[in-house]
Amino acid sequence: MRIFKTGKKKWINRHETFTEKIKDLYIIGNEPGLGALQAYQDTTQGLLKIVKEAVQSNTPLRTVGAAWSWTKIATVKDGIMLDTKQLNIMMSISAGAVLPSYTGDVTKLIFAQCGIAIWELNGRLKSRNRSLKTCGASNGQTIVGAMSTGAHGSTIDIGGVQDYIVGMHIIVGQNRHIYLERASQPIASDSLINNLQAELVRDDHLFNAALVSFGSFGIIHGVMLETEDLFLLETFMQRVPYEAPLKWAMDTLDFSGINPPLPAERPFHFGVSINPYDMRNGAYVNTYYKKPYRTNYSPPVKNSGGIGPGDDAPVFIGLLTDILPELVPTVVNKFIGARMTPFSSQFGVLGEIFNNTDIRGKTMSTALGIPINQVSAVTQMLLDVNRSVGPFTGIFAYRYIKSTQATLGFTRYAPFTCIVEMDGVFSKTTERFYDAVYNRLDQLGISFTFHWGKMTKLNFAKIQAKYGPNANAWIAARNQLLDASARKVFNSPLLEEWGLDA
């Protein structure tokens, strides 16, 4: 394995919302000139050596993917950070690598190394007439980074990125690495385990806990995931009055009252964006439908503001600045109006609709998971808080997905979770607005969770209140997988602040 020790002493995340003091940043890569499996095995040994050195020197250690998180979830103070983006091997799974009892399609299984980016996976899979099942909007994320923070994806009936992962290869100590899968869904054969040179562990409890573990369960070196046949999305954006029919659709996922573009079909993706300063013209409603793949389609087209169908607000909201309160409505209306323009029947594969987005300017973002029957109540609360505490320089966005099995997956509300995103300018005003929203939700008794990779206000008591026995179950799983020395290495200040290092 190649290691380049950069000597960097500071770490700044992609969104430039914080700076962390570190001991060093290592850029790690696979050894060139080796076959995919041999290179992967070699890197496993290199990672074991790094963990051993960290344990012996009592140095905190953390892997980082695309640095997409708004919080310090992927950092360690005065520790070593491992840049994994060069670890981008993708391997097919052969029939001999799975158990005879596996009832799925072996040709749709792939094994991906931790640092491969979502956009990169989408591109490689397209060449094989395959696709990821779903992804988030910002596909610069690595596959393991997106999984480990519970990135929520954009598909009503599938779930998030973590929900199509079926196996994980994890470095859990200085002398131990395991291949972890569910006992209720065994897939890997002895041949695969031997090729990974790993210890096989089948346990639903451990697997579900490790899915969303923000780098604190060791180094997740690779994952097995289920893909599907390549497909197209037909995408639409409409302005729809924010009135009873849309409110009903947002609270129930019953779209019959809002005259959707394709009334006879269930949407693959349903999203709503609300500009609180332009309510009379309606909400922006995105409805995407899954279609069989064909080659004779025109790829999606960006609008005059450079925004494509799958782009979300962080792509452009950072161009706004913290302006005088009395100017916020006028500036936001002009700004949003120039960038969010309705469209119809734009086609693209998943990786073209949700592509490798750019970031323009500094932004803040928080995202909350809520039960879908609370969406209208939460929206009214946001509008009320904006009038009393705002004005908030940004928009409110809503996306819906199937609930997750991950122990600390924030999309935990069954059968569907609504994710409410509040993307705004980088300012103290935005931070005060977020705090007011969190407090008001607590006052109203509305249950909610935080996206782990975005801005939060958490401690262990709050985590217990939101996740119940799952909080202690997650800690127990971590203690079972990692010995005391490894737990110390993979701790972080944020993990300690949350009380999850117990």
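Two strands count as paired here if DSSP finds at least two bridges between them. Keep that in mind as you click around, and remember that this is a predicted model.

**Stop 1: the 8-stranded sheet**

Start by selecting 394-402 and 416-425. These are strands S20 and S21, which run antiparallel and are joined by 9 bridges. For a landmark, put labels on Ile 395 and Asp 423 of S21, which stand opposite each other.

Now bring in the rest of the sheet. It is open, has 8 strands in the order S18-S15-S17-S16-S20-S21-S19-S22, and its pairing is antiparallel. At the edges you'll find strand S18 (343-349) and strand S22 (449-450); each has a single partner strand, so one side of each is left without a neighbour in the sheet.

Stay with S18 for a moment. Is this edge strand enclosed by the rest of the structure or not? Largely enclosed, because 5 of its 7 residues are buried. Its antiparallel link to strand S15 (residues 231-240) is made by 5 bridges. Color Thr 235 and Gln 346 to see one pair of bridge partners, with Gln 346 on the S18 side.

**Stop 2: two helices on that sheet**

Next, select 375-388 and 428-444, helices H9 and H10. H9 lies across strand S16 (269-274), strand S19 (363-371), S20 and S21, and runs at about 165 degrees to S20. H10 packs on the sheet too, touching S19, S20, S21 and S22, with its direction at about 10 degrees to that of S19.

How do the two helices sit relative to each other? H9 and H10 pack at an angle of about 130 degrees, their axes 10 Å apart. They are therefore oblique to each other, and H9 passes H10 in a right-handed crossing. Show side chains to see who meets whom: the H9 residues include Val 378, Met 381 and Leu 382, and the H10 residues include Phe 433, Ala 436 and Val 437.

**Stop 3: two cis prolines**

While you're in this part of the chain, check the peptide bonds. Most peptide bonds are trans. Gly 390 and Pro 391, though, are joined by a cis bond, with omega about 10 degrees; Pro 391 is in the loop between H9 and S20. A cis bond also joins Ala 414 and Pro 415, with omega about -5 degrees, and Pro 415 sits in the loop between S20 and S21.

**Stop 4: the 4-stranded sheet**

Jump to the start of the chain. Here an open sheet of 4 strands has the order S1-S4-S6-S5 and mixed pairing. Its edge strands are S1 (2-5) and S5 (61-64), each pairing on one side only. From one strand to the next, the twist averages 25 degrees.

Select 24-29 and 80-86 to pick out S4 and S6, which pair in the parallel sense over 5 bridges. Asp 24 stands opposite Ile 80 in S6. Then add 36-57: this is helix H1, lying across S1, S4, S5 and S6 and running at about 160 degrees to S4.

Before moving on, click Asp 78, in the loop between S5 and S6. This residue has a positive phi of about 60 degrees although it is not a glycine. Asp 78 is partly exposed, at 36% relative accessible area.

Asn 129 also has a positive phi of about 60 degrees without being a glycine. Look for Asn 129 in the loop between helix H2 (118-126) and strand S9 (130-131); its relative accessible area is 47%, partly exposed.

**Stop 5: a covered helix and the core**

Select 204-211, helix H5. How many of its 8 residues are buried? The count is 6, among them Leu 206, Phe 207 and Asn 208. The cover includes helix H3 (143-148), strand S10 (165-171), strand S13 (219-226) and H12.

Add H12 itself, residues 469-481: H5 and H12 pack at about 105 degrees with axes 9 Å apart, and are therefore roughly perpendicular to each other. His 205, Leu 206 and Ala 209 are the H5 residues that meet H12, whose residues there include Ala 473 and Trp 474.

Finish with Met 168. Its contacts include Phe 207, Ala 210 and Leu 211. Met 168 is also one of the residues with the most contacts inside the largest nonpolar core, which has 131 residues. Apart from that core lies another, of 20 residues, including Tyr 102, Ile 187, Ile 193 and Leu 196.

Definitions and conventions
Residues are numbered from 1 along each chain as its sequence is written. This is a predicted model: local features need pLDDT of at least 70, side-chain atom pairs count only at pLDDT 80 or more; totals for chains, interfaces and linings use all residues. Side-chain values use heavy atoms; hydrogens and water are left out. Axes are lines fitted to C-alpha atoms, for helices over the stretch in contact, and angles run from 0 to 180 degrees between N-to-C directions. Contact means heavy atoms within 4.5 Å. A nonpolar core is a set of buried Ala, Val, Leu, Ile, Met, Phe, Trp, Tyr and Cys residues joined through side-chain atoms within 4.5 Å. Buried means under 20% relative accessible area, exposed over 50%, partly exposed in between (1.4 Å probe, protein chains only). Angles under 35 degrees count as roughly parallel, over 145 as roughly antiparallel, 65 to 115 as roughly perpendicular and the rest as oblique. A crossing is left-handed if the near helix is turned anticlockwise from the far one by less than a right angle, and right-handed if clockwise. Lists of a residue's contacts leave out its neighbours within four places in sequence.
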